[in-house]
Amino acid sequence: MTKRQLFLMSSSALHGYEYLQHAEQDLTRFLQANKVKQVVFVPYALTDQKAYTQRVATVLERWGFGCVGLDATVDPVRAVQEAQAIYIGGGNTFLLLRTLYEKQLVTAIRERVLEHGVPYIGSSAGTNVATCSIQTTNDMPIVYPPSFDALGLVPFNINPHYLEPEEGSKHRGETRDQRIAQFHELNDAPVLGLREGASLLVEGNRATLVGTFPVRLFRKDTGAPTEHEPGTDLSFLL
């Protein structure tokens with residue numbers, strides 16, 4: 001898996017920034033370093049795929065990159081096989097994964113990224129499906145995918161939009177930490193809680209936290225989760 005090049009964002013939106021603006025510097029550097037001129041965008045996490053593709057394309061084209069969406073006129077497997085880079089956007093993770101299976105893209109994307117080094121960008125649901133499984137998504141299961149197994153581009157799970165328990169809160173429902181603890185009662189994979197504004201850059205066997213906010217790492221049977229600041233080397237997770 002030394003060829004993999006991944007840029008995994010918690011979200012495409014961050015308070016105080018325009019769409020994708022918070023990641024512009026790091027994402028532009030990532031695409032330029034991989035000599036990408038055009039990105040294939042996968043809009044399957046939302047139902048209005050045309051509008052979604054246009055929103056992403058407008059930003060990428062302003063940055064100097066072309067963008068082609070996987071709409072009804074495109075053979076998705078062929079587009080992925082010919083892609084210079086693959087970007088899967090956010091939305092509903094269950095809908096996204098089901099559609100990836102329906103269109104025979106799970107294996108196709110995995111092979112392109114892991115065996116051929118095609119750069120992969122994910123945000124929110126697109127980051128969820130880059131991991132072992134979608135079992136740590138925050139989304140509602142509005143559809144039923146054939147499996148929770150995802151692309152497996154990294155050997156751990158991610159929880160995008162991570163929020164720590166708010167001190168003094170009167171909310172008595174389960175916190176995100178408690179839900180991740182429940183995941184670990186039956187599963188062993190580490191879970192990286194990506195706060196908004198945080199991204200994970202994976203270059204071969206090296207993983208680095210980028211962005212402006214720290215992340216929280218949860219590992220089974222290791223006690224309290226650990227905090228990691230931007231710039232931290234997280235390669236041990238690979």
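Colleague: What makes you say that helix α4 is largely enclosed by the rest of the structure?

Modeller: Seven of the ten residues of helix α4 (residues 93-102) are buried, so the helix is largely enclosed by the rest of the structure. Bear in mind that this is a predicted model. The cut-off for buried is a relative accessible area under 20%. The α4 residues that meet it are T93, F94, L95, L96, L97, T99 and L100.

Colleague: Which elements do those buried residues pack against?

Modeller: Their partners are β2 (38-42), β4 (86-88), α5 (106-116) and α6 (125-128).

Colleague: Let's move to T28. Why is T28 called buried?

Modeller: The relative accessible area of T28 is 13%, and buried means under 20%, so T28 counts as buried. T28 sits in helix α1 (residues 24-33). Leaving out residues up to four places away in sequence, T28 touches A23, W63 and F65.

Colleague: And K35, is that residue buried or exposed?

Modeller: K35 is exposed, because its relative accessible area is 70% and the cut-off for exposed is over 50%. You will find K35 in the loop between α1 and β2.

Colleague: What makes the backbone of K35 worth a look?

Modeller: K35 has a positive phi of about 60° although it is not a glycine. Most residues other than glycine have a negative phi.

Colleague: Which residue in the loop between α4 and α5 also has a positive phi?

Modeller: That one is Q104, which lies in the loop between α4 and α5. Phi of Q104 is near 60°, and Q104 is a residue other than glycine. Its relative accessibility is 57%, so Q104 counts as exposed, given the cut-off of over 50%.

Colleague: How do you know how compact the chain is?

Modeller: Start with what the chain contains: seven helices and eleven strands. The radius of gyration is 17 Å, and the globule rule gives 18 Å for 238 residues; the two values are close, so the chain is as compact as a globular protein of that length. Along the principal axes, the C-alpha atoms fill a box of roughly 50 × 35 × 35 Å.

Colleague: What share of the residues is buried, and what share of the contacts joins residues 24 or more positions apart?

Modeller: Of the 238 residues in the chain, 53% are buried. Among contacts with a separation of 6 or more, 69% are between residues 24 or more positions apart. As for the outside, the accessible surface comes to about 11,400 Å², and carbon and sulfur atoms account for 49% of that surface.

Colleague: Now the empty space. What makes something a cavity rather than a pocket?

Modeller: In a cavity a 1.4 Å probe fits but cannot get out, while a pocket is open. The structure holds one cavity of 30 Å³ or more. The largest cavity has about 40 Å³ of space, and its lining is F7, H22, A23, D26, G197, A198, S199 and G211. By class, that lining has three nonpolar, four polar and one charged residues.

Colleague: How much space lies in the largest pocket, and which residues lie nearest its centre?

Modeller: The largest pocket has about 330 Å³ of space. Its lining has 15 residues, and Q135, T136, T137, N138 and R179 lie nearest the centre. Helix α7 (residues 176-186) gives the most to this lining, with five residues. The lining of the largest pocket divides into six nonpolar, six polar and three charged residues.

Note on methods. Residues are numbered from 1 along each chain as its sequence is written. This is a predicted model: local features need pLDDT of at least 70, side-chain atom pairs count only at pLDDT 80 or more; totals for chains, interfaces and linings use all residues. Side-chain values use heavy atoms; hydrogens and water are left out. Helices (H or I, at least four residues) and strands (E, at least two) are DSSP runs, numbered from the N terminus. Buried means under 20% relative accessible area, exposed over 50%, partly exposed in between (1.4 Å probe, protein chains only). Contact means heavy atoms within 4.5 Å. On a 1 Å grid over the protein atoms alone, a cavity is a set of points where a 1.4 Å probe fits but cannot get out, and a pocket is an open set with protein on both sides within 12 Å along at least five of seven lines; lining residues have an atom within 4 Å of a point. Grid points are joined across faces, edges and corners, and a volume is the space filled by probe spheres set on the points. Ala, Val, Leu, Ile, Met, Phe, Trp, Tyr, Cys and Pro count as nonpolar, Asp, Glu, Lys and Arg as charged, and the others, Gly among them, as polar. The radius of gyration is taken over C-alpha atoms; the globule rule is 2.2 Å times the number of residues to the power 0.38. Accessible areas come from the Shrake-Rupley method with a 1.4 Å probe; for residues, only the protein chains shown count as cover.
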